[in-house]
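Reader: Could you take a close look at one part of this model for me, and then set it in the context of the whole chain?

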Amino acid sequence: MRTTLTLDQDVAVTLERLRKEREMTMKKLVNEALREGLRVLEHPPEDSAPFKTDTVSLGPCLIGDLADVAEALALAEGDDFR
């Protein structure tokens, strides 16, 4: 079948780059790209299961009051931080 397509500039640039890299004719490359795109459109990939991270206990907080920055620095760096 013969038809005329008007390609967006970004598509034309990508096709031309791929055509040179793969040393293919434009006709063969466009047909290959359309087949791949149509395959994905007809059979979209199934959604994968959402990623889940298991929780772990890190134990009790070692700092009495997290709002007290001075106490946190004293515990982390010693009293020399001042």
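Is Ala 70 buried, partly exposed or exposed, and what is its relative accessible area?

Author: Keep in mind that this is a predicted model. Ala 70 is partly exposed: its relative accessible area is 32%, which falls between the 20% and 50% cut-offs. You'll find Ala 70 in helix α3, which covers residues 69-77. Now pick out Glu 21: its C-alpha atom is 61 Å from that of Ala 70, with the two positions 49 residues apart along the chain.

That separation sits alongside some whole-chain numbers. The C-alpha trace spans about 80 × 30 × 20 Å along its principal axes. The radius of gyration is 30 Å, whereas a compact globule of 82 residues would come in near 12 Å. Just 7% of the 82 residues are buried, and the chain exposes about 8,100 Å², with carbon and sulfur atoms supplying 55% of that. As for the fold, there are 3 helices and 0 strands, so to speak an α-α-α pattern along the sequence.

Back at the other helices, Glu 23 is worth a click. It sits in the loop between α1 (9-22) and α2 (26-42), and its phi is near 50°, a positive value in a residue other than glycine. Most residues other than glycine have a negative phi. Glu 23 is also exposed, at 74% relative accessible area.

Over in helix α1 there's Val 11, partly exposed at 36%. Together with Leu 5 and Leu 7, Val 11 makes a nonpolar surface patch of about 250 Å².

Note on methods
Residues numbered from 1 in each chain as written. Predicted model: local features only at pLDDT ≥ 70, side-chain atom pairs only at ≥ 80, totals over all residues. Heavy atoms only, no water. Helix = DSSP H or I, 4+ residues; strand = E, 2+ residues; numbered from the N terminus. Buried < 20%, exposed > 50% of the residue type's maximum accessible area, 1.4 Å probe, protein only. Patch = residues over 30% accessible without salt bridge, like charges linked within 9 Å, V, L, I, M, F, W, Y side chains within 5 Å. Areas by Shrake-Rupley, 256 points an atom, 1.4 Å probe, with all protein chains shown as cover. Salt bridge = Lys/Arg side-chain N within 4 Å of Asp/Glu carboxyl O. Rg over C-alpha atoms; globule rule 2.2 N^0.38 Å.
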